[in-house]
Structures are given as structure tokens and as C-alpha cells.
Amino acid sequence: MTIEEEAAALVASAFPSLDSAIVEYITSVVVGMDAVEARDTNEVAAAISPLLEDAAAASLQVVSALCAKLSKLVGGVPAAGASGSALKVLPQSSSARQPMSAAATGANSSPSADDDDDEEDDGYEQEEADIFAEFNVLKTPIRMGDLLAQESERLAAIQRVLSERHEVKKTAVNQKLLERSEGRIKRKQDKRAQKEMRQLAAISAAAAAQNPETASTNYAQNKAAAASLSLDVQIENFDVFFAGKPLLQQADLMLAYGRRYGLIGRNGVGKSTLLRALARREFGMSASLTIVHVEQEVVGDDTPSLESVLEAHTERHELLQKEKALVAYMDAQKQLGREVETKKAMELAQVYSKLEEIEADKAPALVAEILNGLSFTQEMQSAPTKSLSGGWRMRLALARALFMRPELLLLDEPTNMLDVSAVLWLENYLQDWPHTIFTISHDRDFLNSVCTDIIHMHHARLEAYKGDYDTFEKARDERILNQAKEYEAQLMYRQHLQAFIDRWRVNANRAAQAQSKIKILEKLPELKPIEKEPEVQFRFPDPEPIAGSLVHFDDVVFQYSNDKPIFTKLNFGLRNDSRVAVVGANGNGKTTLLKLITGDLLPTKGESHRHRALRIGYFSQYHVDQLDVSMSAVEFLHTRFPGQPLQEYRRQLGTYGMTGDTPLQPIRTLSGGQKSRVAFTLLGMQKPHFLILDEPTNHLDIETVEALANAINAFSGGVVLVSHDERLIRSTCTEIWVCERKSLTRFEGSFGDYKAAMALALRKKTG
Ligand SMILES: *[C@@H]1O[C@H](CO)[C@@H](O)[C@H](O)[C@H]1NC(C)=O
């Protein structure tokens with residue numbers, strides 16, 4: 001039995017007639033207490049007695065026995081003697097209520113009460129209660145975290161009265177009472193102090209975030225001492241703002257050394273901003289932790305690619321430079337017939353031993369393995385970096401990071417820049433990573449195979465889950481379900497109280513009870529609706545009917561003018577219901593192929609036919625970049641498809657999840673994922689018969705990728721998809737076309753078979 005079930009069973013057996021929603025609510029309140037708090041039966045009683053009011057009127061003993069049992073269960077300590085202390089709070093907490101007070105008197109004289117206190121103690125119980133009652137101390141139940149200041153004041157007042165009253169002598173018992181009260185207040189003060197410390201830390205962290213030069217050192221002084229030796233990243237209670245908007249508030253982030261975390265969340269919640277802040281070591285992160293954030297592409301110059309990765313290991317690079325200089329010096333001395341200085345000879349010996357220590361000779365092989373894995377050909381590995389495209393220089397940056405092996409590796413959508421084979425390689429490589437990884441990704445398969453933990457960023461909070469993405473999804477759904485249940489239970493309890501109040505408020509006999517119910521109602525924790533993220537749905541309009549065969553290529557050759565041919569032979573056909581995934585290493589001409597299909601490029605030789613009425617909807621990052629960012633999405637659509645009511649543009653955008661104010665904001669202010677939605681809307685409004693999607697998922701979040709997959713499946717026209725997203729391909733495409741060796745071949749088998757073949761080839765390649 002779980003602790004919840006056990007607690008629920010205890011409550012239900014003590015009060016068999018209690019509404020099950022209330023049982024559940026009480027259980028959640030008690031189980032939610034921290035153990036130290038729960039160990040104090042008074043705390044348990046204070047927390048649940050108002051909820052049990054009706055039932056409690058019948059028997060105080062049952063309540064106190066229950067509190068003791070719950071305290072034992074949740075606090076994990078023996079209940080001996082605890083039942084007695086529960087009795088003290090209850091009569092006080094309900095002194096305004098007749099039935100409870102009556103029950104309290106009865107219980108006090110019962111033999112089960114309080115046997116471990118001194119005998120004289122009993123005599124003072126009533127006095128204690130009276131004094132507290134006089135100051136209204138415990139008329140209402142104590143809730144943790146509030147009433148602290150008032151309580152110390154009250155205690156002072158009580159002390160004054162006690163010393164003024166001559167009949168109340170300062171006996172040992174009296175002293176005991178004070179000590180107990182003081183101890184209680186001290187505990188609360190300690191808690192409050194801890195909380196304030198955390199808040200203080202958060203304030204300086206926030207200041208550090210805004211002014212990295214000055215404030216981060218302040219923060220470091222407070223906190224770094226403890227953190228400096230640890231390779232864990234632990235940041236508590238911190239805020240992140242972007243352009244005045246809070247992205248995180250009072251968030252906690254814990255990255256345990258050696259684990260691999262996936263950061264997920266909807267488009268625009270600020271994942272990349274958080275990663276950059278970590279890369280800048282904001283929030284007082286340890287200065288000794290090595291961090292690499294793969295964000296910017298390698299600068300293009302004359303350095304060969306492989307060499308530029310090797311240079312990333314600065315220690316090795318510097319040692320090699322030193323070696324070179326020393327060897328040159330010795331050669332020169334030799335030529336001149338002079339003696340070599342002993343100092344220099346020793347220096348060189350040192351350099352050699354250091355190089356051996358860091359296994360410098362193995363580095364080129366390691367780098368070659370990484371570059372092979374990331375689909376760099378031999379040719380590209382020796383080509384100067386300036387000859388590579390931006391995409392490849394980005395991959396080079398990833399290769400450098402992998403070679404440097406930082407203790408904290410920060411990755412922002414690493415699969416976006418890779419082809420299927422490289423994604424596969426990277427997944428394998430990262431599984432053996434010896435340090436910590438924190439990666440943003442919208443690629444479910446990648447998250448499942450790489451991550452040990454998932455951190456979900458939403459509603460300006462970070463929620464950590466153990467396990468991979470699939471595990472996360474189950475746990476999150478459960479969490480939402482539980483929240484919904486709790487919400488229901490709370491709502492029912494409120495309604496129950498409200499009904500009582502409405503019925504009895506004006507009845508003279510029950511007015512006092514109604515009043516106390518009003519108080520309970522006011523004291524209930526705020527009823528928070530469930531923070532569920534809205535569902536995303538996409539829909540492409542159904543095409544008008546068109547004949548079966550749409551596109552036909554016969555022996556097509558293509559080359560850009562005066563260049564080597566990209567394709568030497570293209571033969572294929574596309575039908576009105578084709579579902580084709582085009583795969584193959586980057587740089588093999590996939591995008592060129594798509595442009596040949598749309599007619600944006602024309603064959604150099606051979607024949608290409610397109611149905612005359614064919615409308616193709618083409619989506620690519622280029623199209624997203626072509627949006628006029630000075631306009632709002634609605635204005636932009638209006639310029640492209642004029643003459644429709646504004647409502648229509650909004651409706652269209654709505655079918656791609658653009659709702660609220662976002663369609664009216666300048667496109668410049670939108671996130672990458674939101675811009676993609678505008679481009680999808682534009683594509684849909686062309687009412688295409690055929691969709692050509694080139695890496696459509698790059699800026700989308702996981703839910704939107706799924707919505708896109710559903711939309712493709714619901715679409716009755718044809719689709720050609722270029723993507724590195726295995727899941728999207730698997731769930732939408734029936735044919736795999738491989739783009740390689742200047743040609744296009746159909747892969748016989750499913751995408752799973754293709755992946756297996758890639759894995760096999762990869763093993764051969766890397767030995
Ligand atoms: C596709 O072509 C077939 C005839 O080859 C036709 O029956 C069908 O309606 C067409 N589908 C669409 C969506 O145009």
C-alpha cells in the first residue's frame with residue numbers, strides 16, 4: 001500500500017460516513033506535509049481538524065487517535081504519547097465551537113489522555129487553555145508559514161499576563177508551557193529564516209542575471225564556497241526575465257553530475273534563453289565547472305576541418321605549438337654547430353611527457369571518428385572550414401564540443417542540423433558520455449535514447465522527471481489526472497461548505513456553525529485550476545480532386561552552371577496519394593531535388609512533367625525566413641491573399657494553433673515555432689494538392705510535431721517529406737527514397753529497416 005492509500009484507509013476507518021472526496025482531500029493535505037511537520041501531532045491536528053469538523057463533533061478521541069496515527073505514518077515516528085498532545089490543540093482550536101469544547105472536556109478526563117506529563121500538568125491544562133482563549137491564540141487552527149509575527153507578539157503578551165497574575169505562580173509546569181510555546185515559535189522562526197535566506201539568494205541571483213559583471217560576484221561570495229567542489233549544478237529559487245517578461249519564477253534547477261537531461265517545453269517558453277544563461281554561468285554557477293554550449297557555427301578560415309576540431313583542445317594545441325618551436329630551435333642550433341641549451345632540452349622532454357599523459361597521439365583518430373559519425377566525408381575533413389556551408393560549420397561546432405568533453409555539455413536542438421545517420425550516431429555516442437548533458441530537443445526518439453531525466457519548462461516553472469520522454473509523458477499525464485481529482489475534491493468540499501452556509505446562515509440556532517464554516521471556507525487554499533497546456537491541432541485543407549499521376553521524371557540530369565552534376569540520373573513518379581520520405585546524408589542534394597519537383601529548378605537534361613493543374617505547397621526554413629517580419633501574421637496573409645475578411649485570416653491561423661494575440665503581433669516578435677505556423681498557414685491557404693515539406697519540425701515543440709503528423713495523415717493529397725525526425729517519418733510515410741551518389745533509389749523496406757541498415761553501416765565504418 002502506498003502512504004496515500006494507508007492514510008486514506010485510516011481516515012476512512014475513523015470516519016466511515018465521510019464523503020470520499022473529503023477523505024481524499026484530507027489525505028492529500030496530510031501526505032503533503034513534510035515529515036518534520038507531520039511528526040508534530042499538533043500540526044496534523046491543526047491541519048485537518050477543521051476539515052473534520054462535523055464528524056469531530058461526535059468524538060474528539062477518534063480525531064486525536066487518528067491524528068496520532070497519521071502523524072506516525074507521515075512523520076515516521078512512534079505515536080506513543082502523541083495522542084495526548086493532539087488533545088491540547090483541538091479544544092483550543094475549536095474553543096469558539098460548542099460541541100468541540102464539550103468533547104474536549106470529556107477527553108481530558110479520560111484515562112487515555114496524556115500519561116507521560118507530570119501530574120501537576122493536568123491542573124494547568126485548563127488554565128493554559130483559558131489564557132490562550134483569552135488572547136484568541138488558537139481559535140483558528142494554525143497553518144504553517146503564516147501568523148508567525150502575531151504569534152510571537154501573543155506569546156509576549158501571555159508572558160506578561162502570566163507574570164502579572166499572582167495566583168499563577170512561576171512553577172516548573174508553567175515554565176514548561178512557556179518553553180514548549182517558545183520551542184514551537186523558534187522552529188517556525190527557523191523555517192522562516194531559511195525561507196528568507198533562499199529568497200535573498202534568489203534576489204542576488206536575479207541581480208546577477210541582469211548585471212553579470214557586478215552582481216554575479218556578490219552571489220558567488222555567498223554561495224560559491226559550497227558549490228565550488230561539486231560538479232552538480234544546483235540553482236534554487238531563481239528567476240529569468242527576457243525583454244521584461246518572466247520566463248522563470250522561483251524556479252529550481254538541479255543537474256546531478258553524470259546524468260543526461262532533456263529540456264522540453266512549448267515554443268516560446270524560453271528554453272534557449274535558459275541555456276544561454278547557464279552558458280554564461282549566471283546564478284552563481286561554479287567557475288571551475290567546464291561548460292560548452294553549442295550555439296554558434298565555427299568561423300570559416302583556412303584551417304582544415306579536422307585540424308580546427310583538434311585545436312579546440314587548447315592544452316594539446318599549446319603543447320604542440322611549444323614542441324614545434326623547441327624542435328625548430330634545436331634544428332637551428334645543430335645547423336650552426338652549436339650546443340643545445342640543457343634547459344631547452346628539458347623543456348622539450350617535459351612537453352613530450354605531457355603530450356603522452358593526455359594521449360595526444362590518439363586525438364586525431366578520435367576526431368576522425370566524431371567527424372565520420374557526423375557524416376563528414378574524408379574530403380570535407382581536410383577541406384578548409386571556409387569552404388563549408390553554415391550548416392556544416394555548425395556540425396563542426398558540435399564536433400568540437402564532443403571532442404572537448406566538457407563537464408557540462410549544453411545542446412540546443414542538436415538533431416536539427418543532422419541527417420538520420422548522424423542522429424543515430426550521436427544517440428549512441430552520447431549514451432556513453434561521462435559527464436552531464438543538458439539538451440533541448442523536440443525529437444522524441446532522441447530524448448528517449450539519450451536522456452536519463454526530463455525537465456519540463458512550463459508556466460514559468462521547471463518540473464523534473466526521472467526517466468526518458470515516454471516515462472515523462474506517462475508521469476505528467478498522471479500528475480494532471482491527480483491534479484484534476486484534487487481540484488474536483490476541493491471544489492466539492494467548497495460546495496458542501498457553501499451549501500451549509502447558505503442554508504443555515506439566517507437560522508439563529510445554527511448561525512455560529514455557519515459562521516465558523518465561512519471562516520473555514522476563507523482559509524481554504526486557493527482553488528487553482530489545472531495548468532494544462534492547450535492541445536495543438538493542425539489541419540491541411542482537403543485538396544480538390546486531381547488525376548492520379550502528378551509528377552514524372554525521366555533520366556533527368558541536373559547541375560548548376562559550370563559545376564559538377566548534382567544528379568546524373570533521376571527517374572521517378574509521384575501520385576496524388578504518394579507518401580514519400582527522402583533520406584540521405586546532408587549535402588547530397590535533397591533540397592535541390594525538392595526544387596526540381598516544384599519546378600523552381602529546371603533539368604539540365606532529360607524530361608520532367610508536372611500535371612498542369614497541380615498546386616504544390618512547399619514548406620522550408622527558407623520560406624519561413626521570407627516572411628515579412630515588420631507585419632503581423634494577419635497583415636501578411638492579407639497581402640498574399642487579399643480580399644478576405646480579417647476574421648478569415650485569424651480563423652486560418654487558428655487551424656495551425658496561432659490563437660489569442662499572436663496573429664496581431666509583428667512577426668518579428670514571434671518565436672521560431674510561431675513563425676513556422678505562419679508559414680504553414682500560408683501553405684494551407686494555397687489549397688495544395690501536394691505538400692513538399694523540407695525539415696518542417698526544426699522549430700516546433702513535441703506536441704506540435706505530433707499535431708503535424710496527424711495533419712499529414714488526415715490530408716488526402718500527396719506528400720514528400722525531408723526530415724531527420726524518425727518518429728514523424730515512421731508515422732506518416734510509406735516509401736523511403738534514398739538520395740545518394742547523385743541519384744535517387746527506392747529503399748525496399750520500412751523506415752525501421754532503413755535505420756537498421758544505417759546502424760549496420762555505421763558499425764562497419766567506425767569498426
Ligand atoms: C487520385 O487519383 C485517383 C485516380 O487515379 C482518384 O480516384 C482519386 O480521387 C484522386 N484523389 C485525389 C485526392 O485527388
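In this predicted model, E735 has a relative accessibility of 16% and therefore counts as buried, since the limit for that class is under 20%. The side chain of E735 meets that of R746 in a salt bridge, with 3.4 Å from N to O. This pair links distant parts of the chain, for E735 belongs to strand β16, which covers residues 735–740, while R746 belongs to strand β17, which covers residues 743–747, and the two residues are 11 apart.

Elsewhere, salt bridges do not stand as separate pairs but share partners, and in this way R444, D470, E473, E706 and R727 are joined into one network.

Side chains of opposite charge can pair when their charged atoms come close. A further case is the salt bridge in which the side chains of E463 and R479 meet, at 2.9 Å from N to O. Because E463 lies in strand β8 (residues 461–466) and R479 in helix α22 (residues 469–504), this pair ties together parts that are 16 residues apart in sequence. As for the surroundings of the two partners, E463 is buried, with a relative accessible area of 13%, whereas R479, at 34% relative accessibility, counts as partly exposed.

R505 offers another example, forming a salt bridge with D502 in which the closest N and O atoms are 3.9 Å apart, a value that still falls within the 4 Å cut-off for such a pair. With a relative accessibility of 44%, R505 counts as partly exposed. By the same 4 Å rule, the count for the model comes to 25 salt bridges, among them the pairs E735 with R746, E463 with R479 and R505 with D502.

Definitions and conventions:
Residues numbered from 1 in each chain as written. Predicted model: local features only at pLDDT ≥ 70, side-chain atom pairs only at ≥ 80, totals over all residues. Heavy atoms only, no water. Helix = DSSP H or I, 4+ residues; strand = E, 2+ residues; numbered from the N terminus. Buried < 20%, exposed > 50% of the residue type's maximum accessible area, 1.4 Å probe, protein only.
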